[in-house]
Structure formats: structure tokens, C-alpha cells
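Let's take a walk through this protein, one region at a time. Keep the structure open beside you as you read.

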Amino acid sequence: MTRRLLIVEDDPGLQSQMRWCFSEDLEVNVASDRDTAIAALRRTEPQVVTLDLGLPPDPGGATEGFGLLEEILHLAPQTKVIVVTGREDKENAVKAIGMGACDFYQKPLDADILTFVVNRAFRIAELEQENHYLSQQPNGTNIKGIVAASPQMLSICRTLEKIAPTDVTTLITGETGTGKELLARALHDLSPRAGKPFAAINCAAIPENLLESELFGFEKGAFTGATQGKKGKIEHANGGTLFLDEIGDMPMPLQAKLLRFLQERVVDRVGSVNPIPVDVRVVCATHRDVRQLIADGLFREDLYYRISEITLEVPALRERDGDALVIAQSLLKNLGKQVERPNLSFSEDAISAIGRYEWPGNVREMINKVKRATIMADGKRVSARDLELDTPASDSGHHLNLRQVREQAERQAIETALQTSAYNMAQAARLLGITRPTLYNLTDKYRIRTTSDAS
């Protein structure tokens with residue numbers, strides 16, 4: 001993809017200086033006033049614009065510049081605008097960022113810093129374009145609600161698609177918040193039972209003395225207060241799918257009754273002696289180590305083998321290469337629409353923080369943080385602070401070293417591009433706007449792995 005830059009500057013000398021700051025592989029156009037800038041914007045569709053706020057007929061003020069900024073963001077909201085201000089003009093810079101500008105640059109001209117700021121804007125634009133492309137795809141899967149780009153999750157989804165048409169009893173394991181119920185619902189939706197009920201029950205959320213009647217139902221008079229009979233979850237799921245969440249927390253006495261049901265496919269209501277045949281597919285899930293529970297005498301080994309004819313081990317979000325950013329982008333898009341802020345995007349520090357954070361609460365934690373950020377973000381850019389994610393500790397000496405700043409940004413951009421493209425070097429190179437040999441040279445320089453550990 002050709003990188004296109006539009007420089008909006010009314011001073012011919014500065015136009016020339018800024019134009020010569022950039023390499024030949026960058027297509028640079030210039031404009032000196034609002035009308036020519038809009039014409040160039042429509043004609044060349046630049047990804048990045050540098051905008052001097054002091055434009056004619058108000059070269060000493062900022063009204064014309066702010067008007068042009070507003071018009072650019074209306075006509076091309078994905079364009080990254082870098083506002084150029086005077087050294088003492090911080091108030092206008094802050095105002096421009098609030099309106100939706102990507103960044104600001106203060107005069108006088110410094111070629112190295114200007115190049116760094118512009119290249120950073122291009123990287124943000126390319127990452128957003130790639131993430132937009134991914135969001136328009138079926139997320140690497142044909143499964144409703146599953147957003148995945150990592151080899152680990154794509155493998156899970158392929159297995160799920162294969163077993164969905166069957167009635168094989170499935171156990172889904174993984175940490176809390178990894179989306180186990182979503183996968184269970186996908187198994188149901190992709191099966192011949194999709195038009196029938198999907199009944200879910202959390203074995204850890206219901207007191208032991210009530211769980212049996214909730215699962216198996218009861219007859220009138222079975223216990224005090226049973227004024228009429230009631231079907232249990234298993235009967236409600238007849239013809240469809242029964243999802244037993246947190247089955248690792250099921251009490252031992254009830255495990256024996258569940259085992260009998262799985263073997264004979266009949267339900268014994270509490271207080272009844274008449275078995276009721278039921279046709280259901282059973283899917284179970286737990287965040288606990290079932291084999292350790294068996295070793296501790298807390299889970300029946302024979303029941304384990306009954307419920308785990310197929311086991312799907314869902315990896316934690318921190319173990320999914322590149323999924324964190326893809327999922328966060330999808331959440332921002334959907335949650336932003338809900339609060340009528342559809343044009344929100346992540347800032348560069350947010351993108352870096354999302355990839356660096358461990359996500360101990362997995363996708364559930366991410367949903368909470370992104371939902372908060374869609375409400376708290378001041379402009380169109382969601383920052384790491386909005387997400388309540390830590391940014392690297394400040395080191396003034398480090399940030400004054402331009403070479404180190406460049407290398408850090410370059411390394412982060414390469415790693416993000418590789419993760420987002422599932423380690424497809426050609427796609428990552430296109431995303432970064434460089435050739436594939438250049439990408440290989442850079443990965444060698446920074447000792448960045450070029451393949452996923454999972455295969």
C-alpha cells in the first residue's frame with residue numbers, strides 16, 4: 001500500500017523543508033490553504049495530514065485551521081491529522097486533540113522528530129485499516145460471536161465445527177472468562193438440534209440441596225412446599241442441548257445420579273419412581289483441573305470419562321497470539337455503537353498496553369475495561385489510561401534519546417503486525433508499508449520471532 005502524506009502549510013519555505021524530510025517511498029502532496037487542501041484530500045486520499053493551524057485568511061490565528069480540521073475529520077474520519085503549532089501554543093494543540101486530531105508537532109522544524117511523529121501516525125492508520133479488514137471478515141471462523149485470529153483459537157474452532165453435527169458429549173475447560181459458554185452455544189447452534197432448546201445451569205451457583213431438583217425436576221409433594229410438579233433443566237432441554245457449567249463443583253452424591261442419566265438417558269424426578277426418557281446432547285464446562293479433583297476424591301473418574309468424549313481446552317487470552325488486539329477492536333466497535341460513539345479507535349499507547357497486559361480475567365475482564373473506556377474517553381481516541389492499563393514507567397532520559405524511542409516504536413509495530421497477521425510475513429510487511437526483505441532484516445536486528453510457537 002502506498003503511503004500518502006498531505007502537508008498543509010502556507011509558508012513555501014517550510015513546505016519545501018517538510019517535503020524533504022521524507023523518503024522517496026512516501027507520496028507527498030502540499031496545500032497552502034483550506035480549498036486546495038480539501039481538493040487534495042479528495043484527490044489523493046492521504047492516510048496522514050500535517051496541518052498548520054495558521055492558514056490564510058487568518059494566518060495569525062487558528063480559526064481557519066480548526067475549520068479545516070473539522071472538515072477533514074468529517075470527510076475522511078480515518079485520516080490521521082497531525083496539527084502543527086507554535087512552541088508556546090499548547091492550548092490550541094490540546095483543543096485540536098480533543099476535536100479528533102491524532103497528534104501535534106511544535107515548531108521550529110526538527111526533521112528527525114517530525115519524521116518520527118508522521119511515521120507513527122502512518123503505523124496507527126495501517127493498524128486500524130488492518131483491524132477494520134479483520135472485523136469485516138468472519139474473524140477467521142464461521143462461528144457466531146467468536147472473534148479469533150490466533151492459531152490456538154482457530155484450531156479450537158475447527159475442532160468445534162467438526163464435532164458440532166454429532167451428539168458426542170463434550171467437556172470445555174479453561175480459565176474463568178475465556179468464553180466457554182459461548183463455545184457451548186456454538187456447538188448447539190451448529191448442530192441439527194439448533195431449533196430446539198439450549199438449557200444452561202451453573203452447578204456452582206445453586207445450593208447443593210436445590211441443585212438436584214433444578215436438574216431433574218420434582219413431583220408434587222416430594223418435599224415441603226412442592227405444591228405441584230416441575231420439570232428440571234434436563235427435561236426442558238429435551239431434543240436440544242444441556243449445558244452444565246462448572247461441573248467440577250457438582251456435589252459427589254449428585255454426580256452418581258448424573259452418571260446414571262448419561263448411561264441410560266432417563267430422568268428420575270425427585271419423589272418419583274417413573275423414569276422419563278430424555279433426548280439431549282450434553283456439554284459440560286469447568287475452570288478447574290478435573291484430574292486433580294479426581295486425585296483428591298472430589299470427582300468421579302467414571303463420570304469424567306463419560307463427559308469428556310471430546311475435550312476442548314480453551315487457552316487463556318494471554319496465550320492467544322494476537323487475539324487480544326483483535327478482540328479489543330471488535331469490542332470497541334460494538335460497544336461504541338451501543339453508546340452512540342461509533343468512530344472510537346485505540347491510541348498507540350492503548351494498542352501497546354493491550355498487547356502487553358496479561359489479562360488475568362480474560363475476555364470478561366476486557367469487556368469491562370473496553371466498556372468503561374467507551375464512556376470515559378474524551379475524544380475519538382481511547383487511551384491506555386481510559387482502559388485503566390498501565391503504561392511503561394516514565395524515564396525522561398530514555399525519551400530524550402530519539403534513537404531509542406524509534407527502536408522501541410519500531411519493535412512494537414513489527415510485533416503487533418506479526419501477531420495481527422498470524423505471522424504471515426508478506427501480510428505483515430504490507431501492513432507496515434515495507435518490503436518483505438526489509439521486514440526480515442528488522443526481525444533479525446531486534447531478534448523478533450517470525451513464527452508462532454503454536455503449530
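What follows is a tour that begins with a sheet and ends with a few unusual backbone spots. Bear in mind that this is a predicted model.

Start with the sheet. Five strands make it up, in the order β2-β1-β3-β4-β5, and the sheet is open with parallel pairing. At its edges you'll find β2 (26-31) and β5 (103-106); each has a single partner strand, so one side of each has no neighbour in the sheet. Neighbouring strands here are turned against each other by 20° on average, ignoring direction.

Now look at β1 within that sheet. Five of its six residues are buried, so β1 is largely enclosed by the rest of the structure. Six bridges tie β1 to β2, and the two run parallel. If you want a place to check the register, R3 sits opposite L26 in β2.

Next comes β3, which is parallel to β4 and joined to it by five bridges. This is where D52 comes in: D52 is a residue of β3, and its bridge partner in β4 is V84. The UniProt record, an unreviewed entry, puts the feature "modified residue: 4-aspartylphosphate" at D52. Is D52 buried or exposed? Its relative accessibility is 7%, so D52 counts as buried, the cut-off being under 20%. Which residues does D52 contact, once its neighbours within four places in sequence are set aside? They are V8, E9, D10, V84 and K107.

K107 is worth a second look, since a cis peptide bond joins K107 and P108, with omega at about 5°. P108 itself belongs to the loop between β5 and α5 (111-136). There is another cis peptide bond between P56 and P57, where omega is about 10°. You'll find P57 in the loop between β3 and α3.

That loop leads us to α3 (residues 63-75). This helix has 13 residues and spans 18 Å from its first C-alpha to its last, close to the 18 Å expected at 1.5 Å a residue. Its buried residues are E64, G65, F66, G67, L68, L69, I72 and L73. Here a bit of helix geometry helps: an α-helix has 3.6 residues a turn, so residues three or four places apart point the same way. With that in mind, trace L68, L69, I72 and L73 among the buried residues of α3. What do the buried residues of α3 pack against? The list is β1 (3-8), α2 (34-44), β3 (48-52), β4 (80-85) and α4 (90-99).

Moving on from α4, G100 lies in the loop between α4 and β5. G100 has a relative accessibility of 13%, so it counts as buried. To get a feel for distances, compare G100 with A256: they are 156 residues apart in sequence, and their C-alpha atoms are 61 Å apart in space. Then try N424 and A121, which are 303 residues apart in sequence and 23 Å apart in space, again C-alpha to C-alpha. N424 is in the loop between α17 and α18, and at 36% relative accessibility it counts as partly exposed.

Those two helices also take us to the largest nonpolar core, which has 42 residues. Within it, the residues with the most contacts are F346, I354, M366, V382, L387 and I414. The elements giving two or more residues to this core are α13 (323-338), α14 (348-356), α15 (362-376), α17 (402-420), α18 (425-432) and α19 (436-446). Of these, α13 gives the most, with eight residues.

Last stop: a few loop residues. S383 is in the loop between β14 (381-382) and α16 (396-400). S383 has a relative accessible area of 18%, and the cut-off for buried is under 20%, so S383 counts as buried. Leaving out residues up to four places away in sequence, S383 touches S347, D349 and A350.

E388 is in the loop between β14 and α16 as well. E388 is not a glycine, yet its phi is positive, near 60°. At 47% relative accessibility, E388 counts as partly exposed. E340 is another non-glycine residue with a positive phi, about 60°, and its place is in the loop between α13 and β13 (345-346). With a relative accessibility of 72%, E340 counts as exposed.

Definitions and conventions: Residues numbered from 1 in each chain as written. Predicted model: local features only at pLDDT ≥ 70, side-chain atom pairs only at ≥ 80, totals over all residues. Heavy atoms only, no water. Helix = DSSP H or I, 4+ residues; strand = E, 2+ residues; numbered from the N terminus. Buried < 20%, exposed > 50% of the residue type's maximum accessible area, 1.4 Å probe, protein only. Contact = heavy atoms within 4.5 Å. Expected span 1.5 Å × (residues − 1). UniProt positions renumbered as here; feature names shortened; annotations may be inferred. Pairing = 2+ DSSP bridges. Axes fitted to C-alpha atoms, helices over the stretch in contact; angles between N-to-C directions. Core = buried A, V, L, I, M, F, W, Y, C linked by side-chain atoms within 4.5 Å.
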